[in-house]
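Let's take a friendly walk through a protein model, going from single side chains to the whole chain. Keep the 3D view open as you read.

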Amino acid sequence: MAIKWSQWTSLGKPTAAIIRNPFVQRNQDGRLEIFAVGTGTLFNIWQRFPNAGWNDSWAQKGAPSSSGTGAKSHVVGRNRDGRLEIFATAEDGAVWQIWQLAPNNGWSQWKSLGAPSHDISLTGRFAVGRNQDGRQEVFAVGNDGNVWQIWQIVPNGGWSEWKSLRQPPAGIRGSDRMTVGRNGDGRQELFVMGNDEAVWHIWQVSPNGGWSDWQSLGKPAHTKLSNPFVGENADGHLEVFALGGGVFCNIWQEASSNTGWRHEGWNEKKRFSDSVEITWLEVALNREAKLEVLGLGTDGALWHSWQQAPAWSEWHSLGTPSAKISPSDKLTVGRNQDGRLEAFLMGQDGAVWQIWQTR
């Protein structure tokens, strides 16, 4: 039986600002918080209570630098003690950070984590992961084509120098996102799209430790992949999803032992309509401990499908906000404290719209 969802409602928008690309993260006390970029400046809005109720207006987090270094893209991580931390790539080619001074409340000033060197700038393709011991780790693609990493030296604390993870033999395709997951044993694993149209991955060889060489997860025989995203199953084994053929393709670790991927290669989910394609997807673990895929359709609606034995459910439409979905922006999905999923996206009216599971 399908999990029930609410109607669409608007979270509004900041006064006299255009925002884009919302990103959701959960506070230590369980309240969801949304962050969005507006002309180089970060804005945020948050739940007043876990699972329900939102602040009446958007707050401003400023730009990374008073000298005019505006944010281009952002991700939000969480320290071991629960404090949220925003990471933004900026016009100076560096990654900047701003963090909560205490769990659930109060923010620092912006501080630069720099770039690998004067000759290497970091692009807008980056991700934040967390080690088994709680130390955050940031991964970013440089203009040299390599993946660069920087990590907290101690949980909740200071940062290392930048270090290169190199690049796959096929290189990294510039138009796709990078995604990081954590294995059941705590080892981080990073996934990118190669120029050969295959998904490549690299992983920690031990929890909190060094990294393997790059290896390919291959590609489907007749479908082109794009924008991979990793999900973590309830038993700890990873599953990678990528847009393909207008819907999605997926591949997974065979067991929660965190070793070995599906021998048959990529699975291709059937199209649900000849006229509608999925243009962006996100994956999250729902209240029933099943992975659920949410995707933006070319019909302007949000669609979803979820794990059910022995395969995936049929696609179901969650409709569209009254303002219609902005086709140039992304979708973000959060998990409430009680396990209910909540999706956020941009409407054509410039506001962030939300829809959530009601049970």
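Which side chain meets that of R271 in a salt bridge? The partner is E277, with a nitrogen-to-oxygen distance of 4.0 Å. Please keep in mind that this is a predicted model.

## Charged pairs

Side chains of opposite charge can pair when their charged atoms come close. In this chain, the count comes to 11 salt bridges. One of them is the R271 and E277 pair that we began with. R271 is partly exposed, with a relative accessible area of 35%, and E277 is also partly exposed, at 37%.

Another pair to look for is R135 and D133, whose side chains meet in a salt bridge at 2.8 Å, N to O. Here the two partners fall into separate classes: R135 counts as buried at 8% relative accessibility, while D133 is partly exposed at 25%.

Now find E282 and R177, whose side chains form a salt bridge at 2.9 Å, N to O. E282 sits in strand β24 (residues 278-285) and R177 in the loop between β15 (163-166) and β16 (179-182), so this pair ties together parts that are 105 residues apart in sequence. Both ends are covered: E282 counts as buried at 10% relative accessibility, and R177 counts as buried at 14%.

## A buried charge without a partner

Next, move to strand β25, which covers residues 291-297 and holds E292. How far away is the nearest side chain of opposite charge? That side chain belongs to R335, and the distance is 9.1 Å. A salt bridge needs a nitrogen within 4 Å of a carboxyl oxygen, and E292, although buried, has no salt bridge.

What does E292 touch, then, once neighbours within four places in sequence are left aside? Its contacts include I3, W5, H304, W306, L341 and Q357. Also among them is E282, the residue we just saw in a salt bridge with R177.

## The residue next door

L291 is in strand β25 too. Is L291 buried or exposed? With a relative accessible area of 1%, L291 is buried.

L291 also shows how a folded chain can bring parts together: L291 and N233 are 58 residues apart in sequence, yet their C-alpha atoms are 6.5 Å apart in space. Leaving out residues up to four places away in sequence, L291 touches N233, E232, F241, V283 and W312, among others. W306 is also one of the residues touched by L291, and W306 appears among the contacts of E292 as well.

## Backbone details

Some features belong to the backbone. Which two residues are joined by a cis peptide bond? They are A309 and P310, and omega there is about 0 degrees. You can find P310 in the loop between β26 (302-308) and β27 (311-312).

Two asparagines also deserve a look. N21 has a phi near 50 degrees, a positive value in a residue other than glycine. N21 lies in strand β2 (residues 20-26) and is partly exposed, with a relative accessible area of 23%. N104 has a positive phi as well, near 75 degrees. N104 is in the loop between β9 (95-102) and β10 (105-107), and its relative accessible area of 21% makes N104 partly exposed.

## The whole chain

Time to zoom out. How many helices and strands does the chain have? The count is zero helices and 31 strands. The radius of gyration is 19 Å, close to the 21 Å that the globule rule gives for 359 residues, so the chain is as compact as a globular protein of that length. Along its principal axes, the C-alpha trace spans about 50 × 50 × 30 Å.

Buried residues make up 57% of the 359 residues. Of the contacts between residues at least 6 apart in sequence, 44% join residues at least 24 apart. The accessible surface comes to about 14900 Å², and carbon and sulfur atoms account for 48% of this area. As for charge, the chain has 34 positive and 35 negative charges, and the mean positions of these two groups are 3 Å apart.

Notes:
Residues are numbered from 1 along each chain as its sequence is written. This is a predicted model: local features need pLDDT of at least 70, side-chain atom pairs count only at pLDDT 80 or more; totals for chains, interfaces and linings use all residues. Side-chain values use heavy atoms; hydrogens and water are left out. Helices (H or I, at least four residues) and strands (E, at least two) are DSSP runs, numbered from the N terminus. The radius of gyration is taken over C-alpha atoms; the globule rule is 2.2 Å times the number of residues to the power 0.38. Buried means under 20% relative accessible area, exposed over 50%, partly exposed in between (1.4 Å probe, protein chains only). Contact means heavy atoms within 4.5 Å. Accessible areas come from the Shrake-Rupley method with a 1.4 Å probe; for residues, only the protein chains shown count as cover. Lys and Arg count as positive and Asp and Glu as negative; His and the chain ends are not counted. The place of a charge is taken as NZ of Lys, CZ of Arg, CG of Asp or CD of Glu.
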